[in-house]
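Let's take a walk through this protein together. Have the sequence and the model open side by side, and follow along as we go from the overall fold to individual residues.

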Amino acid sequence: MPQSKITNNLSKNGLFYVSRLATVFSILMYVSYIPQIMNNLSGVKGNPLQPLCAALNSILWVSYGILKPKKDWPVIIANLPGIVLGLITFITAL
């Protein structure tokens, strides 16, 4: 097997794992809003600006992933929780 083909396969495999790891960490980032939502509901309100920006950012990324000719599922999956949890955090912080 030529060296360039081996390097190309390693690059594709590495990119696959980086995209999956980034997807997991993106979801974890948005799940971390849950304690803030609980605090907001308990009367300890947080700042609503950051979760609103996160929700809008997630809407844009999900739109991008859906509108591409070949849907970008890692981008879509990674940002769907950001829409839901970002908006819930924003609303409960008001």
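We'll begin with the overall layout and then look at the helices and some of their contacts.

One thing to keep in mind from the start: this is a predicted model. The layout is easy to describe, with four helices and zero strands, so reading along the sequence gives you the pattern α-α-α-α. Of the 94 residues in the protein, 28% are buried. If you take the contacts with a separation of 6 or more, 70% of them are between residues 24 or more positions apart.

Let's see what such contacts look like, starting with helix α1, which covers residues 3–31. T23 sits in this helix, and its relative accessibility is 11%, which is under the 20% cut-off, so T23 counts as buried. What does T23 touch, leaving out residues up to four places away in sequence? The answer is P74, I77 and A78. A little further along the chain is N79, and although T23 and N79 are 56 residues apart in sequence, their C-alpha atoms are separated by 8.2 Å.

Next comes helix α2, residues 33–41, where the buried residues are Y33, I37 and N40. Look down the axis of α2 and you'll find that these buried residues fall within an arc of 60°, so they line one face of the helix. Just after α2, check the backbone at G43, which takes a positive phi of about 100°.

Helix α3 spans residues 49–67, and A55 is a good place to stop in it. Is A55 buried or exposed? With a relative accessibility of 0%, A55 counts as buried. Setting aside residues up to four places away in sequence, A55 touches G82, I83, G86 and L87. Take G86 as one of these partners: it is 31 residues from A55 in sequence, yet the two C-alpha atoms are 4.7 Å apart.

Staying with α3, there's some aromatic packing to look at. The whole structure has three aromatic pairs. One of them is W61 with Y64, an edge-to-face pair with 5.5 Å centre to centre and 85° between the planes. Why are these two placed to meet? They are three residues apart in helix α3, so about one helical turn separates them. W61 is partly exposed at 40% relative accessibility, and Y64 also comes out as partly exposed, at 40%.

After α3 we reach a charged pair. The structure holds one salt bridge, and K68 and D72 are the residues whose side chains form it, at 3.7 Å from N to O. K68 is partly exposed, with a relative accessible area of 29%. D72, at 19%, counts as buried because the cut-off is under 20%.

That leaves helix α4, residues 73–93. How far apart should its ends be? At 1.5 Å a residue, its 21 residues should span 30 Å, and the C-alpha atoms at the two ends are indeed 30 Å apart, so the expectation and the model agree. The helix does have a bend of about 25° at N79, and a proline, P81, follows within four residues. You've met N79 already, as the residue whose C-alpha atom is 8.2 Å from that of T23.

Notes: Residues are numbered from 1 along each chain as its sequence is written. This is a predicted model: local features need pLDDT of at least 70, side-chain atom pairs count only at pLDDT 80 or more; totals for chains, interfaces and linings use all residues. Side-chain values use heavy atoms; hydrogens and water are left out. The expected span of a helix is 1.5 Å times one less than its number of residues. The bend at a residue is the angle between axes fitted to the seven residues ending there and the seven starting there. A salt bridge is a side-chain nitrogen of Lys or Arg within 4 Å of a carboxyl oxygen of Asp or Glu. Buried means under 20% relative accessible area, exposed over 50%, partly exposed in between (1.4 Å probe, protein chains only). Contact means heavy atoms within 4.5 Å. Rings of Phe, Tyr and Trp (its six-membered ring) pair if their centres lie within 6.5 Å; planes under 30 degrees apart count as stacked, over 60 as edge-to-face and the rest as tilted. The arc is that of the directions from the helix axis to the C-beta atoms.
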